[in-house]
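Me: I should like to go through the assignments made for this model and hear the grounds for each. Please set every value against its criterion.

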Amino acid sequence: MEKRSIKEIKLILEKIQTLSDERLTELRGDERKGVQDLIAKFERQFAKKAERAAQFDEMQKFERSAKKKGYRMIAGIDEVGRGPLAGPVVAAAVILPEGMEDIGLDDSKKLSAKKREEIFEMIKEQAVAIGIGIVDAFTIDKINIYEASKVAMKRAIELLPEQPDYLLIDAMRLDTGIPEEGIIKGDAKSISIAAASIVAKEVRDQMMKDYEQLYPGYGFAQNAGYGTKAHIEGLEKLGPTPIHRMTFAPVKEYQQ
């Protein structure tokens, strides 16, 4: 029997959905190195997809649990910007649709900038509702970063165009009167919180890029307000700006 070409085998492998497929069994009997390399690559990709499918399923357990209790409008809430020396703390609240497909949701810190931006656009297209809460540096200095994070989260919930009936919150209790559940490292354990972490990160990063235009010399577009070498050098040369957190070390060392 005439052997299939490498191109034909590639097309066959693209259509195979299970490791028990008879076509795969047949191809394993082809001893050509090129074929065996294709099969090895297929099996690696298959394992990776299976691992991601299991992860995505696991990341929906809190949403499934809430739905079993009768809740339907489940909002994930997360914030970014606790650690920077400059800029606001930004929180997002996101309600995802029923039967959300896997678009790569994960903890925003684990995603590349390009991938995070792509997923952000898909969240905006598919989410039932998105709310954004922002608390500026002046207020952070006034009430402290922990309280400012809570205020930002509550604002994000209030600004949702649809009222949530259950809240999944990353490592926080908010006591808004809406049933809630705080989840440690929730941005890696819940698709709703993961979506909120991505939205908050993208919104804040864009704000810091805009601030770079207003206050050049600190590297805000690159460091998002964190205390990098370029940022500290900017503080030494120029002093703090109106968006710096004056109660944070080392910013307070450079106040006039």
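Reply: The model is a predicted one. A suitable starting point is the salt bridge in which the side chains of lysine 109 and aspartate 187 meet, at 3.2 Å from N to O. This pair links distant parts of the chain, 78 residues apart: lysine 109 lies in the loop between S2 and H5, and aspartate 187 in the loop between strand S5 (180-183) and helix H8 (191-214).

Me: Why is the contact of lysine 109 with aspartate 187 called a salt bridge?

Reply: The criterion asks for a side-chain nitrogen of Lys or Arg within 4 Å of a carboxyl oxygen of Asp or Glu. The N to O distance here is 3.2 Å, so the pair qualifies.

Me: What makes lysine 109 count as buried or exposed, and what of aspartate 187?

Reply: Exposed means over 50% relative accessible area and buried means under 20%. Lysine 109 has 66% and is therefore exposed. Aspartate 187 has 6% and is therefore buried.

Me: What parts of the chain does the salt bridge between aspartate 102 and arginine 52 tie together?

Reply: The side chains of these two residues meet at 2.7 Å, N to O. Aspartate 102 lies in the loop between strand S2 (89-95) and helix H5 (113-126), and arginine 52 in helix H3 (residues 33-58), so the pair ties together parts that are 50 residues apart in sequence. Arginine 52, at 19%, falls under the 20% limit and so counts as buried. Aspartate 102, at 36%, lies between the limits of 20% and 50% and is therefore partly exposed.

Me: Why are lysine 201 and aspartate 205 said to be separated by about one helical turn?

Reply: They are four residues apart in helix H8. An α-helix has 3.6 residues a turn, so residues three or four places apart point the same way. The closest N and O atoms of lysine 201 and aspartate 205 are 3.3 Å apart, and the two form a salt bridge. Lysine 201 is partly exposed at 22%, while aspartate 205 is buried at 16%. Salt bridges that share partners join Arg116, Lys201, Glu202 and Asp205 into one network. The structure holds 18 salt bridges.

Me: How do you know that lysine 150 has no salt bridge?

Reply: The nearest side chain of opposite charge, glutamate 147, is 4.4 Å away. A salt bridge requires a distance within 4 Å, so this pair does not qualify. Lysine 150 is nevertheless buried. Its place is in helix H7 (residues 145-158), and, not counting residues up to four places away in sequence, it touches Met172, Arg173 and Leu174.

Me: How do you know that the buried residues of H4 line one face of the helix?

Reply: The buried residues of helix H4 (residues 61-68) are Phe62, Glu63 and Ala66. Seen down the axis of H4, they fall within an arc of 100°, so they line one face. These residues pack against strand S1 (74-80), strand S4 (166-170), S5 and H8. Just after H4, glycine 70 takes a positive phi of about 105°.

Me: What makes S3 and S5 the edge strands of the sheet?

Reply: Five strands form an open sheet in the order S3-S2-S1-S4-S5, with mixed pairing. Strand S3 (129-135) and S5 each pair on one side only and are the edge strands. The twist averages 20° from one strand to the next.

Me: Why do S2 and S3 count as paired?

Reply: Pairing requires at least two bridges. Seven bridges join S2 to S3, which run antiparallel, so the requirement is met. Valine 94 stands opposite isoleucine 130 in S3.

Conventions
Residues are numbered from 1 along each chain as its sequence is written. This is a predicted model: local features need pLDDT of at least 70, side-chain atom pairs count only at pLDDT 80 or more; totals for chains, interfaces and linings use all residues. Side-chain values use heavy atoms; hydrogens and water are left out. Helices (H or I, at least four residues) and strands (E, at least two) are DSSP runs, numbered from the N terminus. Buried means under 20% relative accessible area, exposed over 50%, partly exposed in between (1.4 Å probe, protein chains only). Lys and Arg count as positive and Asp and Glu as negative; His and the chain ends are not counted. Contact means heavy atoms within 4.5 Å. Axes are lines fitted to C-alpha atoms, for helices over the stretch in contact, and angles run from 0 to 180 degrees between N-to-C directions. The arc is that of the directions from the helix axis to the C-beta atoms.
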